[in-house]
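Visitor: I would like a close look at one part of this model, namely the backbone at its unusual loop positions. Please take me through that part in a connected way.

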Amino acid sequence: MKAKYFGNRSPLIRFCLLVFVSLLGLMTGSCSSLVGFGMNALQSAVSDAPQLTTLETYTLTQEQTDFKLELAQDGQKVNYLVLSSNLVPGVKIYGLWQPEHNQAELTKWYGFANWPGGWSEFEESLTGQLYVSFGEGLVSIKTKDAIQKLELIKGRIRLGNTIFSQERSLGLLSLRRTRVLALVEYMQSAEHAPNDSQSKEFRDYWTTYLLPELSQAGKAGKTVYAEGVNWHSDYSAEILPQHLAQLRDQGGILRDWQEAYDWLLAEYSWPTFLAVLDQGLSLNLLTKHQ
């Protein structure tokens, strides 16, 4: 399945965009070091996010894919639906649950990342609706109105004791998002790779293919030093389109691969996640809270 994040832009425009983004991103140094996602709380750390109390939790394991749905309320008794899955690791999908209409209006995609020196989080706006219906000990959900991710709307980064401003955080996260989406577009269009994004084979294949310098002896030819590695620029040009070859030679792919692999995986698997919702699924009641 081919992604269309860059629409019909010409290769020259795409190349210029990625060069600009990669240069800016790499110039920010450790400020843009965003490690893989992990998330434990329902509520976002974004200052104006509602604090939610979970009412019911439903789960489903289907082959190697897990889904979790939480029904929750904020302090004003507004109902929320929160959906997560290992298909889109580190991400929670939020929506306004409207039980009187058997539906949920989706509002945002939320991701959180932490590492020993700090954390980051971001939100992207969503549109779309889900049917939500209940049976004996289960809930069924299915796409009612097509779900679309729109744009990055919020972000925060903390390094050590410093919390960056909303503006600076959003700028750094936007740069990373552009790079991640460009690489995902390439990966989704590849016909030579494993397609099970949950498998170790998938990660091993792409790590070796994109970053062979990490595990193999040096090759003859021109090299470019960045991020502590001598990158073989002839290999970059051989396997990648020009805009991504430039990014690889600057160490940008390595940095994103090490620090934001779950984000990249979530973007890669997003079409599969949507296809599951289009077909519909039923989740079993796990916990009902008082």
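Guide: A residue is termed exposed when its relative accessible area is over 50%, buried when that value is under 20%, and partly exposed in between. The model considered here is predicted. With these cut-offs, Lys 77 counts as exposed because its relative accessible area is 60%. This lysine lies in the loop that runs between strand S2 (65-73) and strand S3 (79-85). Its backbone deserves attention: the phi of Lys 77 is near 65 degrees, a positive value in a residue that is not glycine. As a general matter, most residues other than glycine have a negative phi.

A second position invites the same examination. Glu 227, also not a glycine, has a positive phi of about 55 degrees. Glu 227 is placed in the loop between strand S9 (223-226) and strand S10 (229-232). Here the relative accessible area is 42%, so Glu 227 is classed as partly exposed.

These two loops may be set against the whole protein, which contains seven helices and 11 strands. Of its 290 residues, 52% are buried, a class to which neither Lys 77 nor Glu 227 belongs. The accessible surface of the protein amounts to about 14,000 Å², and carbon and sulfur atoms account for 50% of that area. As for contacts between residues at least 6 apart in sequence, 58% join residues at least 24 apart.

How values were computed. Residues are numbered from 1 along each chain as its sequence is written. This is a predicted model: local features need pLDDT of at least 70, side-chain atom pairs count only at pLDDT 80 or more; totals for chains, interfaces and linings use all residues. Side-chain values use heavy atoms; hydrogens and water are left out. Helices (H or I, at least four residues) and strands (E, at least two) are DSSP runs, numbered from the N terminus. Buried means under 20% relative accessible area, exposed over 50%, partly exposed in between (1.4 Å probe, protein chains only). Contact means heavy atoms within 4.5 Å. Accessible areas come from the Shrake-Rupley method with a 1.4 Å probe; for residues, only the protein chains shown count as cover.
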